[in-house]
Amino acid sequence: MHKIVLLGLALAAPLAFAGPQCTSADKAQWQDQAKFQEQLKAQGYDIQKFKVTSGNCYEIYGHDKDKRKVEIYFDPVSGKPVKESFKD
């Protein structure tokens, strides 16, 4: 019985750290990655890492215009933030 519980926990653990689901739209509708990053830079973001997540999000790690450390998930169609994390 304990083995079954442990196996269930082990399989569920990666799901606990999964990011948000941002869109189900076809990738043809997504904003161009390079242009999107340029728009963020124009808003004052310093992007240290940019990636496309398994939840169909554009995710950035870096700093905002106030020099706060950020991790932000964006909807790649609308460009709107879906989930944000800031650290001073």
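**Close-up 1. The salt bridge of Asp64 and Arg68.** In this predicted model, Asp64 and Arg68 are joined by a salt bridge whose closest N and O atoms are 2.8 Å apart. The acidic partner, Asp64, counts as buried at 5% relative accessibility, whereas Arg68 is partly exposed, with a relative accessible area of 27%. Arg68 takes part in a further contact of its side chain, since it lies over the face of Phe86, at 4.2 Å from the ring centre. The view can therefore be read around Arg68, which is partly exposed and which has Asp64 as its salt-bridge partner and the ring of Phe86 beneath its charge.

**Close-up 2. The salt bridge of Lys51 and Glu59.** The side chains of Lys51 and Glu59 form a salt bridge with an N to O distance of 3.7 Å. Here too the acidic residue is the buried one, for Glu59 has a relative accessible area of 2%, while Lys51, at 31% relative accessibility, is classed as partly exposed. The bridge belongs to a total of 3 salt bridges counted in the model.

**Close-up 3. A salt bridge within helix H2.** Glu38 and Lys41 meet through their side chains in a salt bridge, at 3.9 Å from N to O. Both residues belong to helix H2, which covers residues 33-42, and they are placed 3 residues apart, or about one turn of the helix. Of this pair, Lys41 is partly exposed, with a relative accessible area of 41%.

**Close-up 4. The aromatic cluster around Phe36.** The whole structure contains 4 aromatic pairs. One of them is formed by Phe36 and Tyr58, a tilted pair with 5.3 Å from centre to centre and 50° between the planes. This pair links distant parts of the chain, as Phe36 lies in helix H2 and Tyr58 in strand E2 (residues 58-63), 22 residues apart. Both rings belong to buried residues, with a relative accessible area of 3% for Phe36 and 1% relative accessibility for Tyr58. Phe36 also pairs with Phe74, in this case edge-to-face, with the centres 5.2 Å apart and the planes at 75°. That second pair again connects distant parts of the chain, running from Phe36 in helix H2 to Phe74 in strand E3 (residues 69-74), 38 residues apart. Phe74 is likewise buried, with a relative accessible area of 3%. Taken together, ring pairs link Trp30, Phe36, Phe50, Tyr58 and Phe74 into a cluster.

**Close-up 5. The sheet and the helix packed on it.** Four strands make up an open sheet in the order E1-E2-E3-E4, and their pairing is antiparallel. Strand E1 (46-52) and strand E4 (81-87) are the edge strands, each of which pairs on one side only. On average, and with direction ignored, neighbouring strands of this sheet are turned by 15° against each other. Helix H2 packs on the sheet, where it touches E1, E2 and E3, and the direction of the helix makes about 150° with that of E1. The pairing of Phe36 in helix H2 with Tyr58 in strand E2 and with Phe74 in strand E3 can be located in this view as well.

**Close-up 6. The hairpin of strands E1 and E2.** Strands E1 and E2 pair in the antiparallel sense over 6 bridges. Among the bridge partners, Lys49 is matched with Tyr61 in E2, and Phe50 is matched with Ile60 in E2. Phe50 is also one of the residues that ring pairs link into the aromatic cluster. Between the two strands of the hairpin there are 5 residues, and Asn56 takes a positive phi near 60°.

**Close-up 7. The surroundings of Asp46.** Asp46 lies in strand E1, and at 41% relative accessibility it counts as partly exposed. When residues up to four places away in sequence are not counted, Asp46 touches Tyr61, Gly62 and His63. Tyr61, one of these contacts, is also the bridge partner of Lys49. The C-alpha atoms of Asp46 and Lys65 are separated by 7.7 Å, although the two residues stand 19 residues apart along the chain.

Key: Residues are numbered from 1 along each chain as its sequence is written. This is a predicted model: local features need pLDDT of at least 70, side-chain atom pairs count only at pLDDT 80 or more; totals for chains, interfaces and linings use all residues. Side-chain values use heavy atoms; hydrogens and water are left out. A salt bridge is a side-chain nitrogen of Lys or Arg within 4 Å of a carboxyl oxygen of Asp or Glu. Buried means under 20% relative accessible area, exposed over 50%, partly exposed in between (1.4 Å probe, protein chains only). Rings of Phe, Tyr and Trp (its six-membered ring) pair if their centres lie within 6.5 Å; planes under 30 degrees apart count as stacked, over 60 as edge-to-face and the rest as tilted. A charge sits over a ring if NZ of Lys or CZ of Arg is within 6 Å of the ring centre and within 35 degrees of the ring normal. Two strands pair if DSSP finds at least two bridges between them. Axes are lines fitted to C-alpha atoms, for helices over the stretch in contact, and angles run from 0 to 180 degrees between N-to-C directions. Contact means heavy atoms within 4.5 Å.
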